[in-house]
Amino acid sequence: MTTSLGSSVQDGGRVRKATGARLFWYTLWARAYPRMVGATRERSWLFFETLLPVLGVAGYVFIYRAIQAPPEYAGFAVLGGAMTAFWLNVLWSMASQLYWDKDQGNLELYVVSPGPMMAVLLGMAVGGLVMTATRATIILVVCSLLFHVTYQIASVPLLILVFAVTMIALYGMGMLFASVFLVAGREAWHLSNLMQEPIYLASGFYFPVKAMGAFVATAASIIPLTLGLDAMRQLIFAGDPTLGFLSVQVELSVLAVLAVIFLAAAAFALARLEEVGRREGRLIERRR
Amino acid sequence: MTLTPSRRGLWLRVLDLPAVRRNDGLRSFLVATWLGWQIESNWADPFLFAIYSVVRPLASVMILVVMYSVITQGAFSQPIFPYIYLGNALYILVGQIITGVSWAIIDDREHYRVAKHLYTAPISGYTYLFGRGVARLIIGTISVGITVGFGMAVFKLPIRPAAIDWPLLLASTALGVAALAGLGLIIGAWTMTMARHFWSVGEAVSGAMYLFTGAIFPIDILPAWLRWIGFIFPVTYWLEAARRALLGPGAAGFTTFAAFSNAALLGILAAFTAALLIGSVFFYRWALDNAKEKGLLDMESGY
């Protein structure tokens, strides 16, 4: 029999401890669980967390209408607006999360438990991704219907692949930020605030990123959503071949490299953070 | 950023003035203003804080500039451009004030966990919340000034200081800010009574007004069945009056408010402001009682 906590109860009532990969998996699932299941228990988020982005997207669509932009630009705003859900999730529910966990006393519980911290971070990412994908889908569908957006998809499998690699790179970055922001302490809040509109601008959430010029677009490519969004836009609005900053294949390759780098850097930063935190007694200190 | 001994001495002398000592409301307001400013600003050195305060609003307005530029190939001399730019710049104040007060409630209750200490102290909770909003107002005002100045320097916004209708600008802005403070108080008081989603209330109202008040596009662009919503928000009249004051005849060209004189705009705005300020006093009292009844006043949800 397997208990809800993942340990196996053998005949005779002895509990077999989960170790190694099983412990990693159970820890990951335990951290992802509240994020995924919580959303089904407290459904009021459907109003608050989809209405707000819909209002924001509507604002951008109406601006495009006010300046008589071609209809596909409404689609750009809708797609960008849906993707902001992922960026906000990474900032507020990944990057800032360990700081808040420390503030609420959860971080010390993670550290003293046998579960690996990397699994905790991955669980945060998986839970956040599932939860946010639901929200982004609702925003995309509602806004597409409201504003009569039409899509011309070049390749569905490639679109799914681009989205998946973008998300791995993005949440890898979120896992890295979680350690960095924890060190930043009280400034984490302000860092997250600071990384909203400037990133929407540099990454071209509401317009093709090539409009920012090659230099800014290249620099902004460190944010996985820049190239991911550009590639998805090229695949979803296939009617305009001049749309993209780079070709989809190149953007996909860069995203794959970013995914590996961010995940490796997250593992390194987490180990370093834990070591320094233990040495300096900062893992349970809540004043900063 | 901490108070130097001389500044602290000055501040204590202000608080020690007989007029301040005798008046709970004024004393609470002044202390809350100081506290709010410290919370907003003392996490970084002044230079970093200044950068932080201007980068977000500038990035926000630049998103619109790039969108506009992509479509019009940089036709910044068209009347719609200053309309969009100024509306977005002025709207910074709306977001700061509307969300500022409700965030003060959330900060005190959830983050610093001092709500119970505050409400057992001899303060006026209403003016305390007003004071907490002032710091955001100061930061917002600086951001608006820099954003408008940036637009004048880089995009040649047609604003000439000598041609600005200063009485209209100052009167409409004073009324607009007071109306926003009243609205912020109501939303903040509402936040006290909530156990879920209190993070989102200020942003929801601010986001709705961004869409419906003609902040970034003329209300005429909205579907006809939605346009009326814009007319029930004081922000709509303030933005229109402020645009007229700053742009002069250049603000014309959009028909939504063509039939409204400046005096009519100010009159409507004054009526909204009075209603919101008076309403906020009663709503605050109701919300405070309600929060006490439900045990929400010092609740830490960790939500």
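**B:Phe81 and its ring neighbours**

I looked up B:Phe81 first and found it buried, at 2% relative accessible area (buried is under 20%, exposed over 50%, partly exposed in between, with a 1.4 Å probe and protein chains only). The model is predicted, so I kept its limits in view: local features need pLDDT of at least 70, side-chain atom pairs count only at pLDDT 80 or more, and totals for chains, interfaces and linings use all residues. Residues are numbered from 1 along each chain as its sequence is written, chains are lettered from A and ligands numbered from 1 in the order written, and side-chain values use heavy atoms, without hydrogens and water.

I then searched the whole structure for aromatic pairs and got 31 over all chains. For a pair, ring centres of Phe, Tyr or Trp (its six-membered ring) lie within 6.5 Å; planes under 30 degrees apart are stacked, over 60 edge-to-face, the rest tilted. B:Phe76 and B:Phe81 make a tilted pair, 4.7 Å centre to centre with 50° between the planes. B:Phe76 is partly exposed, at 22%. Both rings belong to one aromatic cluster, together with B:Tyr68, B:Tyr85, B:Phe150 and B:Phe155.

**Charges over rings**

I checked arginines over rings next (CZ of Arg or NZ of Lys within 6 Å of the ring centre and within 35 degrees of the ring normal). B:Arg243 has its charged end over the ring of B:Tyr83, 3.6 Å from the centre. In chain A, A:Arg233 lies over the face of A:Phe76, at 5.4 Å from the ring centre.

**Helices of chain A**

Helices here are DSSP runs (H or I, at least four residues; strands are E, at least two), numbered from the N terminus. I tested α6 of chain A, residues 117-146, against its expected span, which is 1.5 Å times one less than its number of residues. Its 30 residues should span 44 Å, and the end C-alpha atoms are 43 Å apart, so the values agree. A:His148 follows α6(A) and has a positive phi, near 55°.

A:Ser93 sits in helix α3, residues 72-95. A:Ser93 is buried, at 19%. Leaving out residues up to four places away in sequence, A:Ser93 touches A:Arg35, A:Leu88 and A:Met124 (contact means heavy atoms within 4.5 Å).

**Positive phi in chain B**

Which non-glycine has a positive phi in the loop between α4 and α5? I found B:Gln73, at about 55°. B:Gln73 is exposed, at 67%. B:Arg113 also has a positive phi of about 55° without being a glycine. B:Arg113 lies in the loop between α5 and α6 (115-119) and is partly exposed, at 27%.
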